[in-house]
Amino acid sequence: MKAVFAIGVVIGLAGVLAGAGLFPWIDHPRLPSRTQVVANGGRAEQFVVRLPVDKIATIGTRELGVRANPYPASAVLPEDLQAEPLLLEHFKVRDTEGSVIGVAVRHTTSPGQGAATAWAITVPSRGTLRLAGTEEPAGLDAAIAAVGGVENQSWAGDLRFAMTAEPTEEARGGRVVGGSGEFSGLGGAYSETWLITGVGEDGELRGTIELSTVTYQGL
Amino acid sequence: MKYILTLISGLLLGALLGVATLYFNPLTGREAAGPGGAGDWTLSYGSPVSGGLAFTHSGQSRLPIHPAGIPELWENTINKMLLSVFPVISADGQRGVASRLSVPSESTELLRRGLVVSDHWVITIPGEGSLFVDADNNLWPFFKRDVLPVWYLGRAWSGPRSYSPTAGPGLGHYGIAQGATGRFAERIGSATERYHVSKFNTQRGADEFEAELFVNLPELTAASAPDELAE
């Protein structure tokens with residue numbers, strides 16, 4: 001009888017400890033990665049943001065143009081952070097099939113000439129991909145104006161604007177600077193294109209952001 | 001029949017011993033060593049729930065989201081994430097902003113690592129540039145001492161308390177800091193965090209706390225590439 005009781009204690013103790021160590025307490029749903037292998041061994045993947053439905057929060061200073069309109073409207077940047085250009089954007093991110101797969105943070109400031117952008121795209125089941133690039137401050141506003149858009153008036157049309165191009169010998173462009181999880185150790189390049197189909201009277205942008213990445217292991 | 005009842009009694013006692021072992025397990029209760037040294041760049045911040053610029057989650061948590069109208073992260077692929085946006089200030093008075101995405105880590109297990117949450121930061125100092133920080137935090141000690149007794153057992157809070165939760169993913173249980181743009185570009189180093197919770201309640205959790213992120217970001221060298229920093 002004592003032996004049976006002791007066996008029960010051991011099995012109960014071992015079962016709980018094994019369960020604590022082996023049970024998948026966190027298991028994020030994972031959708032298939034929409035990646036393509038490129039000719040020289042890299043991996044191409046595109047991430048998509050649909051505006052305005054994928055916006056989570058936008059806070060910024062006026063110098064950075066129509067993209068800096070606050071969202072939600074009550075979002076406010078403290079006065080002591082308004083002395084220099086600053087734009088904080090947060091989006092839900094989709095794959096090319098249109099499924100939401102993660103959340104992206106995009107910070108822009110002007111540490112000299114032009115503006116510099118840092119993206120962190122977090123896909124819970126895969127990790128975080130980090131991007132760093134350059135852009136023209138308020139370049140999108142100038143492009144919208146060039147095709148007939150007027151400030152504080154609604155506009156509809158089709159505009160394809162290259163916010164950040166891939167790096168060239170002349171321009172720094174957009175670079176993949178690594179990441180975590182399955183993006184760890186990756187290098188490469190990215191381009192960021194805004195496809196704008198309209199602007200509301202309140203400055204709300206309609207359209208799509210396409211982030212096209214080509215990554216290589218070990219760079 | 002007597003043998004079966006005896007076996008079941010043994011199983012129950014063994015399971016209770018197992019739960020007690022997990023609760024008092026020193027492996028999941030250990031904390032980081034703390035800041036790396038005098039060269040650290042220290043960024044201080046307060047509670048993103050009560051004082052930040054934006055805070056959102058799936059809508060299933062009791063923590064209130066803000067500002068009014070901010071969307072919830074309800075889709076099933078992102079509904080375990082927390083997004084916090086808050087101001088930070090360095091020890092020498094530089095002001096900046098941080099966006100932090102917190103995701104429960106699939107490396108969570110309650111025998112050796114604890115309750116691991118991966119924090120992915122983008123920090124920007126206006127006019128100077130941006131940097132990234134990745135840190136795995138073991139929140140088991142915080143859960144055990146604060147969340148479990150106050151939120152789930154209805155007991156009075158027994159704080160204040162301090163925590164050093166950083167547990168990786170870099171070498172020596174440090175997080176990884178990586179420069180992105182401006183004066184931080186091309187630099188890589190380590191980071192660690194320390195929290196001091198001074199008020200915890202049933203509605204807003206850690207309602208008042210002071211936190212510090214210690215960033216060590218020397219010049220990028222060939223010997224400190226991201227892969228070599230990761231464990």
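**Two pockets, one interface and a few residues**

Helix H4 of chain B gives six residues to the lining of the largest pocket, the largest share from any element. Let me start there. One caution before I go on: this is a predicted model.

So, how much space lies in the largest pocket? About 1200 Å³. The lining counts 41 residues. Closest to the centre are Leu63(B), Leu82(B), Val117(B), Leu139(B) and Phe142(B). Several elements of chain B give two or more residues each. The helices are H3, residues 48–51, and H4, residues 140–152. The strands are S3 (82–90), S4 (95–104), S5 (116–125), S10 (188–201) and S11 (205–216). Now the classes. The lining of this pocket has 26 nonpolar residues, 11 polar ones and four charged ones.

On to the second largest pocket. Its volume is about 550 Å³. Here 30 residues form the lining. Which of them lie nearest the centre? Two come from chain A: Ser180(A) and Gly181(A). Three come from chain B: Ser105(B), Ser118(B) and Asp136(B). Both chains also appear in the list of elements that give two or more residues. Chain A brings strands S6 (115–123) and S7 (127–135). Chain B brings S4, S5, S6 (129–138) and S8 (166–168). The most comes from S6(B), with three residues. By class, this lining divides into 10 nonpolar, 13 polar and seven charged residues.

Next, the two chains together. The size of an interface is often given as the accessible area lost when the parts come together. For chain B and chain A, that area is about 5400 Å². Carbon and sulfur atoms carry 72% of it. In chain B, the residues that lose the most area to chain A are Thr77(B), Glu106(B) and Phe132(B). Together they make up 11% of what that side buries. In terms of contacts, 67 residues of chain B meet 66 residues of chain A.

One residue of chain A is worth a stop: Thr117(A), in strand S6 of that chain. Is Thr117(A) buried or exposed? Its relative accessibility is 0%, so Thr117(A) counts as buried. Its side chain makes a polar contact of 2.8 Å with the side chain of Glu135(A). Beyond its sequence neighbours within four places, Thr117(A) is in contact with Arg106(A), His107(A), Thr108(A), Leu131(A), Ala132(A), Gly133(A) and Glu135(A). The list also holds a residue of chain B, Thr181(B).

Now chain B as a whole. It has five helices and 11 strands. Its C-alpha atoms fill a box of roughly 75 × 45 × 35 Å along the principal axes. The chain has 231 residues, and 53% of them count as buried. What about contacts along the sequence? Take those in chain B with a separation of 6 or more: 59% are between residues 24 or more positions apart.

Let me zoom in on strand S11 of chain B, with two residues from it. Asp207(B) lies in this strand, and so does Glu208(B). Start with Asp207(B). Its relative accessible area is 11%, and the cut-off for buried is under 20%, so Asp207(B) is buried. Setting aside residues up to four places away, Asp207(B) touches Ser47(B), Ser50(B), Lys199(B), Phe200(B) and Asn201(B). Asn137(B) sits 70 residues from Asp207(B) in sequence, and their C-alpha atoms are 19 Å apart.

Then Glu208(B). Its relative accessible area is 40%, so Glu208(B) is partly exposed. Outside its neighbours within four places, Glu208(B) is in contact with His196(B), Val197(B), Ser198(B) and Lys199(B). From Glu208(B) to Leu115(B) is 93 residues along the chain, and 22 Å between C-alpha atoms.

Last stop: Thr42(B), in strand S1 of chain B, residues 41–45. Why does Thr42(B) count as buried? Because its relative accessible area is 16%, and buried means under 20%. Not counting neighbours within four places, Thr42(B) is in contact with Ile89(B), Ser90(B) and Ala91(B). Glu212(B), Leu213(B) and Phe214(B) are in contact with Thr42(B) too.

Definitions and conventions. Residues numbered from 1 in each chain as written. Chains lettered and ligands numbered in written order. Predicted model: local features only at pLDDT ≥ 70, side-chain atom pairs only at ≥ 80, totals over all residues. Heavy atoms only, no water. 1 Å grid on protein atoms, 1.4 Å probe; cavity = no way out; pocket = protein on both sides within 12 Å on 5 of 7 lines; lining within 4 Å. Points joined across faces, edges and corners; volume = space filled by probe spheres on them. Helix = DSSP H or I, 4+ residues; strand = E, 2+ residues; numbered from the N terminus. Nonpolar A, V, L, I, M, F, W, Y, C, P; charged D, E, K, R; others polar. Buried < 20%, exposed > 50% of the residue type's maximum accessible area, 1.4 Å probe, protein only. Polar contact = N/O pair within 3.5 Å; in protein donor to acceptor, adjacent residues only side chain to side chain. Contact = heavy atoms within 4.5 Å. Buried area = accessible area lost by both parts, 1.4 Å probe.
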